[in-house]
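Hi everyone, thanks for making room for me today. Have a look at the model on the screen, and I'll talk you through a few parts of it.

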Amino acid sequence: MRIKSALAAAAVVALAAGCGGGGGADGGSAADPSEPVKLNFLSLAWQKESVAANKQLVEEWNKANPNVQVTYVQGSWDNVNDQLVTSFEGGDAPDVIHDDSPALSGFASKGYLLDLKDKVPAELKSDIPQTAWDTVTFDDGKGNQGVYGVPFLQESQVIIANKKLLDAAKVRIPTAAEPWTWDEFATISKKLTKGDTYGVAWPMKSPVNKTLNLALNFGGTFFQTGADGKTTVKVGPEEKEVLQRIHDQLYKDKSADTSALGMGTADPLPGFFADKYAMLPVGVYLRQQVAEQAPDGFEWVTLPPLKGTSSEQGAVSQTLSVAADSKHPDEALKFIAFFLNGPNQAKLAKGDWLLPTSQKAAADPAITTEEDGWDVATASAKSLVVAPFLKVNGFDEWKSKVATPALQEFFANKISIDEAAKKLVEDGNEVLERYQR
């Protein structure tokens, strides 16, 4: 979903140490009512502000609920799903699990997660829009649709821009009501390209999620499901739009720096601060690093998502789930309902520089202020719809083995868009077929 912290080794230790207390005698069973119920909460928060917000909320809960005590377990996004499989199969998974929605489908089909469909408190359920609930709704492997997590943080793609360069070029500053079209963006990128400055940098070390999410601007889904229920890869005119437009900026307009293609999301920041790049199309969370690292006097702005035939973008969610074998599922859900209420989601979103799913949180003054572009970032949540790839069995393998190398070759100008499309479809369908037999 986003840049992950490099804490894999720590996560192995933390996960091993933190699991196993979810429901045995040490967990406060019904046989020993004098002992408080003990829950383990695996958190993948990694930014300093986010970890602090998570720990603060756990402390608040424990003070207010002496009979249900939650232990905070620090995990890592790196390899966490492999670690969770081990703990699920060993019967010692954490009671409350922080993950992201793409991971839930496989866990749900194997029976590792509790179906929350009829268990989420009404107040929490109604505070989160259905579009967010759709990101955590999956088949249980037996033909039944279940809800396997509570979605609470999402990411949109915005543009972070050098205000001095925008002002000097006298370009129209877009608003949420009147965003730039992709055509305007191309024209403005060319206008901002002069001397040693490029209009835009496209860091494409990991190109798949970014381009697939943006493809929805033109109705590009990349996947289709036939009447037989089988999913295949689709790369037609709609899917090619964003791919071709980025390629044109690189090689036709020359308004995008080709040397940025191999970069990770945050790698262009030194060039951005040095006026080498005027604009960076990135996830909203990168605003934190800009705010923290920008030189004194550097002025930057957050611009809303671009518009094609629409401004829609694909979304996945960070989630909290309950392990199916938790001995205390009711208490785990009560903790989740507290942890993800409106005011608390606002704290978590602020700490992670992401977008809350809670409608109450989205109206919180802390994340609607103009400072650091929070007003633009929060408004961009309205553009989010379920990412089409979220429901595709075999997507991760297609992404790593087929899509990433094909798109990297295309953006490096080593193959044509039609050759890239052929690889994505033909090689991709071979991958997906194995998951649908």
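Let's begin with the second largest pocket, which has a volume of about 280 Å³. Keep in mind that this is a predicted model. How many residues line the second largest pocket? The lining has 17 residues, and those nearest the centre are Pro129, Pro356, Thr357, Ala381 and Lys382. If you want to find the pocket by its helices and strands, look for helix H6 (130–133), helix H15 (359–362), helix H16 (374–379) and strand S16 (384–386), since each of them supplies at least two lining residues. Sorted by class, the lining of this pocket has nine nonpolar, seven polar and one charged residues.

Now for the sheets. One open sheet is formed by six strands, and its order reads S2-S1-S3-S14-S6-S15, with mixed pairing. Why is one side of strand S2 and of strand S15 left without a neighbour in the sheet? Strand S2 (68–74) and strand S15 (355–356) stand at the edges and each has a single partner strand, so one side of each has no neighbour in the sheet. At the S15 end, you can follow the pairing residue by residue. Strand S6, residues 150–154, runs antiparallel to S15, and two bridges join them. Within this pair, Gln154 stands opposite Leu355 of S15.

Two helices are worth finding against this sheet. Helix H2, residues 48–64, lies across strand S1 (37–43) and S2, and runs at about 165° to S2. Helix H4, residues 101–109, lies across strand S3 (96–100) and strand S14 (317–322), and its angle to S3 is about 120°.

Let's turn to the other open sheet on my list. Four strands form it, in the order S8-S11-S7-S12, and here too the pairing is mixed. Its edge strands are strand S8 (198–200) and strand S12 (300–303), each of which pairs on one side only. From one strand to the next, the twist averages 20°. In the middle of that order, strand S7 (residues 157–162) and strand S11 (residues 277–283) pair in the antiparallel sense, over five bridges. If you'd like a residue pair to click on, Ile160 stands opposite Leu280 in S11. Helix H8, residues 182–192, lies across S7, S8 and S11, and it runs at about 140° to S11.

Next, the cavities. How many cavities of 30 Å³ or more are there? The count comes to two. The largest cavity has a volume of about 70 Å³, and it brings us back to the four-stranded sheet, because I'd like you to look at S7 and S11 again: each supplies at least two residues of the lining. Which strand gives the largest share? S7 does, with three residues. Among the residues lining the largest cavity are Gln157, Val158 and Ile159, along with Trp182, Trp202, Pro281 and Val282. By class, the lining of the largest cavity has nine nonpolar and two polar residues, and no charged ones.

The second largest cavity has a volume of about 40 Å³. H2, S6 and helix H14 (342–352) each supply at least two residues of its lining. The lining includes Ser50, Asn54, Phe152, Leu153, Leu348 and Asp352. Sorted by class, the lining of the second largest cavity divides into four nonpolar, four polar and one charged residues.

Last, a word about confidence. The chain averages a pLDDT of 91, and 92% of the residues score at least 70. Over residues 1–14, though, the pLDDT is below 50, and this stretch has 36 contacts in the model beyond near neighbours in sequence. Residues 16–31 also have pLDDT under 50, and the model gives them 29 contacts beyond four places in sequence. Where pLDDT is low, the predicted coordinates should not be read in detail. That's all from me, and I'm happy to take questions.

How values were computed:
Residues are numbered from 1 along each chain as its sequence is written. This is a predicted model: local features need pLDDT of at least 70, side-chain atom pairs count only at pLDDT 80 or more; totals for chains, interfaces and linings use all residues. Side-chain values use heavy atoms; hydrogens and water are left out. On a 1 Å grid over the protein atoms alone, a cavity is a set of points where a 1.4 Å probe fits but cannot get out, and a pocket is an open set with protein on both sides within 12 Å along at least five of seven lines; lining residues have an atom within 4 Å of a point. Grid points are joined across faces, edges and corners, and a volume is the space filled by probe spheres set on the points. Ala, Val, Leu, Ile, Met, Phe, Trp, Tyr, Cys and Pro count as nonpolar, Asp, Glu, Lys and Arg as charged, and the others, Gly among them, as polar. Two strands pair if DSSP finds at least two bridges between them. Contact means heavy atoms within 4.5 Å. Axes are lines fitted to C-alpha atoms, for helices over the stretch in contact, and angles run from 0 to 180 degrees between N-to-C directions. pLDDT is the predictor's confidence in each residue, from 0 to 100.
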